Amino acid sequence: MNRNYDEFRSRISVLFVIFLIIVAVYLWFVDLLLQQRVFGLLLSAEFTAFSLLIYVYRMENAEDLEKRWLFIGVIALIFLVLMSIVVSL
Amino acid sequence: MGEKRNVYDKMVDFFDVHFGFEKTPLKPIPVFALNPTYWLGLLLALTFIMQGVTGAFQLLYYVPSSTNTTLGLNAYTSTTNVIDNVPLGSFIETMHLYTAYAMVLLTFLHLMRNYFGSTHKERRELMWVAGIVLMLIIFSFATTGYSLPWTVISKSATDVAIGFLNVVPGQLGVFVRFLLTGTGEPDDLLRRFTIIHTVVLPGLLALFLGLKIYMYEVHGPSFTPAFSRLKANAQKYLHWFPQIFLYGTMIMSAYIAILVAASSLFPISLPPEYSAQAASQYAVQPDWYLLWVYQILKFQIFAGTGEPFALGLVGVFFLLLMLLPFYDRSSRRGISSRPFFITIGAILVTEFVALTIWGYLTPGQVIPTLQAVAVMGGVAVATIAIMQIIYGQRKESKSNATNNAASEPLDKREPISPSGNLRAEAFGLGRNSKLTISFVLLLIVAASGLAYAINSLSSVGEMFPGFLLSVSAFACSMALMTWIVKRVVVSYESQGGTNA
C-alpha cells in the first residue's frame, strides 16, 4: 500500500517537474513587452506547480495527502494555461 | 544507516550540508501551527520583499515632479511610460499595486486573528505594540505610494493623508507638516513623499519587522486554548528545516501565484492626471483602505472645523488599540470567555466594513448627522444583539451539558483531532474555513444592503423595489451570520476551547 503511494508520489512529482521545465523554457521566449499577461499567467502556473510539488513531497503518508488540494491545484494550472492562450489571441 | 534515500531527501541533504540549516538556532514549531492563519506574518514579510523588488524597478523610471522635466516626463507620464513602453512594465506596476493591497489586507487579517485569538497576552504585549506600529507604517506606505503617480485619485488620497497631520497640535504640528509636505507645492510634496516612501518608511518597516520576528523567535507561535487537549501528535514539535521551511515555501509559492495571476488577469489602468479641471469632473475619493476614515470625515457634524476633532478621535482609537494588552489584563483567552472584548471587536469589524462600503457608494456626499447616527448606531446595536443571542445560547447549552455530564472529569474527555494526521491536527480553523469565508461575504452583503437602504431612505417611493431588496438582503445576511457565528462558537466549545 505504502509502496503504491510512493510510486504515485514519484509519478505525479515527475509530471510537475516536466511541466515546470516546459513552462520555464517557453517563458524564456515570451515577448516581455507585448505578451506581459501571458508571461504573468505562466509565471503564476510555475509557482502553483512548485507549490503542489512541495505539497506532494511533504505528505509522506497516504492519509496525510488531501486529494482535494491536488485537484484544486491542477484545475488552477489548467485555468492559468488556458487563460494564457486566451489572452495571447 | 542502510535506509534508502530518494532524490528529494538527497536534495534536502545537499542544501543542509551546504547552508548548515540544521545548525541554525531557529526554534522548532509545534505541528498545530501548520495552518496558514499562523503564517500571515510570514506572508506580510514576503509581501514587503516583493514591494521592495517591484518598487526598485519602478524607481529606475519614476520622475518625482508634477511638471514636465528636461526629459519631457513628469510623475504621471513617467508612470504611464513604464506601463506602455517598458518590458514587463505594466505587469510590475500592477504587481506593486496589488502587493500593496495584499499588505494592507494581510495586516487587517493578522490584527483580527491576534485580537480574537488573544495572542497579545502573556509576554506578547510588546509584539502587539510593534504590530500596531507596523500597521501604521504600512498605512503610511500605502498612502504615500498611492500619491506618487499624481492622478486625480492619488491627489485626493494625499489630501486625506495631509489632513491627518492637522491633528498634531501646536508648533510640533507646524514642524511635522513642514517636514512631510514642505511648502505644499506639488513638486516639493512629490519629492518628499518619494523619499519617505522609498527610504524612510522601508527603513522603519524593516526595523520593526526585524524586532517582531526576533520576538516571535523568542516566544514561538501562540498556543491555542485547547493545546493541552490536543493529541500527542499535534503537540509534537517540528524542526524548522526541512519541515517548516518546506511548509513556508509551499504557502509562499501559492501566495505569489495568486498575486501574479491577479496582476496578469486584471492589469491596472491609471485614472486621469491631476489637474484642477480633471478633479472637478471626477468623483474623487481615496483608496479602499482609507474609505472608512474618509466616510467619517464626510459626516456633517465633522464638516469644516470639526475635521481635526474627527481625526483626533481616529488617533485616539489607534492609541487605545495599541495599548490593548495593558488594559485587557485577564488571563482568559477563549472566545466564549471574553464576551466584552469579542463584542467590541465584532462591532469594530462591522463598522469598518459598513463605513468602507458606504463610503464607496457615496463619493463626495455630505452625510447628514441623523443618518450617520442611524447607520453607526444601527450597526453597533445589531452586532451587540447578535453577540448577546450567541452568548446567551452558548450559556444555555453549556449549562445543559454540565447537567448531563456533571460527573465527567476533564481529563476523561475525548482528545480532539481524532484522525491523528497532520491536516486534522492543525486545530479548528481549517474545519471552519468555509464558514469564515461565507461570514465575510455575508458581512459585505449586509453592509452593502444597509448602506443602500439608508441612502434610498429619502426617496423610498421611487426606489421601493431596490429599498425592499436591500433591506431583505441585510436581514437575511444578518440571520445567516448569526447562525454561522453560533456554529463556530459551538464547534469551538465542543473542542474544549472554553478557557485558557
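Me: What follows α8(B), and is its phi positive or negative?
Reply: B:G220 follows α8(B), and its phi is positive, near 75°. Helices here are DSSP runs of H or I with at least four residues, strands are E runs of at least two, and both are numbered from the N terminus.

Me: Ground rules for the model?
Reply: It is a predicted model: local features need pLDDT of at least 70, side-chain atom pairs count only at pLDDT 80 or more, and totals for chains, interfaces and linings use all residues. Residues are numbered from 1 along each chain as its sequence is written, chains are lettered from A and ligands numbered from 1 in the order written, and side-chain values use heavy atoms, leaving out hydrogens and water.

Me: Back to α8(B). What does it reach from its first C-alpha to its last?
Reply: Helix α8 of chain B covers residues 186-219, 34 residues, and reaches 46 Å. That is close to the 50 Å expected at 1.5 Å a residue (1.5 Å times one less than the number of residues).

Me: Where does α8(B) bend?
Reply: At B:I196, by about 40°. The bend is the angle between axes fitted to the seven residues ending there and the seven starting there.

Me: Which residue forms a salt bridge with B:D188 at 3.0 Å?
Reply: B:R191, taking the closest N and O atoms. A salt bridge puts a side-chain nitrogen of Lys or Arg within 4 Å of a carboxyl oxygen of Asp or Glu. B:R192 also forms a salt bridge with B:D188, at 3.2 Å. B:R192 and B:D188 are four residues apart in α8 of chain B, so about one helical turn separates them.

Me: Is B:D188 buried or exposed?
Reply: B:D188 counts as buried because its relative accessibility is 12%. B:R191, at 44%, counts as partly exposed. The cut-offs for relative accessible area are under 20% for buried, over 50% for exposed, and partly exposed in between (1.4 Å probe, protein chains only).

Me: New topic. Which residues have the most contacts inside the largest nonpolar core?
Reply: B:L205, B:F299 and B:W358, in a core of 103 residues. Helix α5 of chain B (residues 125-147) gives the most to this core, with twelve residues. A nonpolar core joins buried Ala, Val, Leu, Ile, Met, Phe, Trp, Tyr and Cys residues through side-chain atoms within 4.5 Å.

Me: And the interface: how many salt bridges between chain B and chain A?
Reply: Zero. Still, 31 residues of chain B are in contact with 26 residues of chain A (heavy atoms within 4.5 Å).
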